[in-house]
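User: Could you walk me through this structure? I would like to go through its empty spaces, its backbone and its charged pairs.

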Amino acid sequence: MRILVAHNFYQQPGGEDTTRTAEIALLRGYGHEVYEYIETNQRIEQMSPVSVAFQTIWSLPSYQRIRQTLAECKPDIVHFHNTFPLISPAGYHACRAVGVPVVQTIHNFRVTCLSATFTRDGRVCEDCLGKRIPWPGILHRCYHGSLTHSAVVAGYLVTHHTLRTWRQQVDAYIVLTEFAKAKLVQAGLPAHKLHIKPQCIFPDPGARPAMAGDYALYVGRLSPEKGLPTLLRAWAQVPAEIPLKIVGDGPLKQSLQELAQRLKLRNVEFVGQVDRSVVLKLMKQARLLVFPSECYEGYPLTITEALACGLPVLASRLGAMATILRDGDTGLLFAPGDAEDLAAQVQWAWTHPDDLLRISQNGRAQYENENSPEKNYLILMDIYRAAGQARAARQ
């Protein structure tokens, strides 16, 4: 099978990029011919604001380039990961014009939420969910804190809901959890086109041989929705002999370091941004992954990597995390935003090594059953076939 994978990279790398790369490697590993169409938001720096606004809603350059790419590689299917903002939904229309089936992986909630995360002012917010015009998001400047930018993104949503782009131009959607599927149906996407496929890691990093490690670990972006102030306040309540390593970078880095100083946390280390190989090494040497996110999330790649490594995960009882992890069985859950509950769960984990080992083993078994490369490939092929059949039925 010839597959074109299209992706718009953000200015800062994230889980969507890693998932795209893993799936390309997986497909090539099974002998498929994979082509890539890449756009990058680094180009925005050389563009005028007006041009960016227009291309967000409809990118004629992307439409033309994708048409040319389709003519050159003649794919059997096109798989989009991110189209926002510079590919735009014009990419779907380019595929429709030549009859090539379209698959879109939905990594976030951009089709109904200007921030894409269902959060505002540090709390969960669904004010725009299902609204034809997402006026609350404009009013609250939910995209980059800007009224103008928020209006542009709202215009993008209104335009393509009106054109029925989301319903008609995409043959199959990949969503990561049942929770995400339910929200996207509320947002107006057709339920029969939403196919659940959990996160993919390729190759399998393998589980550590046994429980190990003397520290807890956070891996992710240092941004407001990730619950990091809650994490630090919790660490002020745990015994000093339980160290915490924070891996990642983001806009809250300085304020978090200042908060750690005010709380006199000498057992917290800010590691910074590191390569994925280093992340996996840190996971295999840790005792517990802490994931305190206060937004719904999609299917956090960090949790998938931890399950693959056999590293127990302690996460917020919220959104995707409450769907992915079974409390006390394949992971541990705590009340989102509750530093006291988080601290109590950390101390329980440190004082119940036998239970933690069982959770570690169950988490690895869950990964093998739901997230392994072999399982992921079979699900992906079923979705590609469904997209091809849907496109053929319309022609």
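Analyst: What follows takes up cavities, a pocket, a surface patch, backbone details and salt bridges in turn. This is a predicted model, in which local features need pLDDT of at least 70 and side-chain atom pairs count only at pLDDT 80 or more, while totals for chains, interfaces and linings use all residues. Residues are numbered from 1 along each chain as its sequence is written, and side-chain values use heavy atoms, with hydrogens and water left out.

User: Ok, how many cavities of 30 Å³ or more does the structure hold?

Analyst: There are 3 cavities of that size, where a cavity is a set of points on a 1 Å grid over the protein atoms alone at which a 1.4 Å probe fits but cannot get out. A volume here is the space filled by probe spheres set on the points, and grid points are joined across faces, edges and corners.

User: And which residues are closest to the centre of the largest cavity?

Analyst: The largest cavity holds about 190 Å³ of space, and of its 17 lining residues the closest to the centre are His81, Gln104, Asn108, Arg110 and Val111; a lining residue has an atom within 4 Å of a point. Its lining divides into 8 nonpolar, 7 polar and 2 charged residues, with Ala, Val, Leu, Ile, Met, Phe, Trp, Tyr, Cys and Pro counted as nonpolar, Asp, Glu, Lys and Arg as charged, and the others, Gly among them, as polar.

User: What about the second largest cavity, what lines that?

Analyst: That cavity holds about 90 Å³, and of the 13 residues lining it, Cys113, Cys125, Cys128, Gly137 and Cys142 are the closest to its centre. At least two lining residues come from each of β5 (119-120) and α5, helices being DSSP runs of H or I with at least four residues and strands runs of E with at least two, numbered from the N terminus.

User: Does α5 turn up elsewhere, I mean, where is Leu139 found?

Analyst: Leu139 is found in helix α5, residues 135-139, and together with Ile133 and Trp135 it forms a nonpolar patch on the surface with about 350 Å² of accessible area. Such patches are made of residues with over 30% relative accessible area and no salt bridge, with nonpolar side chains (Val, Leu, Ile, Met, Phe, Trp, Tyr) joined within 5 Å and like charges within 9 Å, and the areas come from the Shrake-Rupley method with a 1.4 Å probe, only the protein chains shown counting as cover for residues. Leu139 itself counts as exposed because its relative accessibility is 56%, given that exposed means over 50%, buried under 20% and partly exposed in between (1.4 Å probe, protein chains only).

User: Now pockets: which element gives the largest share of the lining of the second largest one?

Analyst: Helix α6 does, with 3 residues. The pocket, an open set of points with protein on both sides within 12 Å along at least five of seven lines, has a volume of about 210 Å³, and among its 15 lining residues Arg132, His161, Trp166, Ala187 and Gly188 are the closest to its centre.

User: Switching to the backbone, which peptide bonds are cis?

Analyst: The bond from Phe84 to Pro85 is cis, with omega near -5°, and so is the bond from Phe202 to Pro203, with omega near -5°. Pro85 is found in the loop between β3 (77-80) and α4 (90-98), whereas Pro203 lies in the loop between β8 (194-196) and β9 (216-219).

User: And Ser88, is that buried or exposed?

Analyst: Ser88 is buried, at a relative accessible area of 1%; this residue sits in the loop between β3 and α4 and has a positive phi of about 70° although it is not a glycine.

User: Last topic: how many salt bridges are there?

Analyst: The whole structure has 18, each being a side-chain nitrogen of Lys or Arg within 4 Å of a carboxyl oxygen of Asp or Glu. One of them joins Glu36 and Arg20, whose closest N and O atoms are 2.7 Å apart. Glu36 lies in strand β2 (residues 33-40) and Arg20 in helix α1 (residues 15-29), so the pair ties together parts that are 16 residues apart in sequence.

User: What about a pair within one helix, where do Asp355 and Arg358 lie?

Analyst: Both lie in helix α15 (residues 353-370), 3 residues apart, about one turn of the helix, and their side chains meet in a salt bridge at 3.4 Å, N to O.
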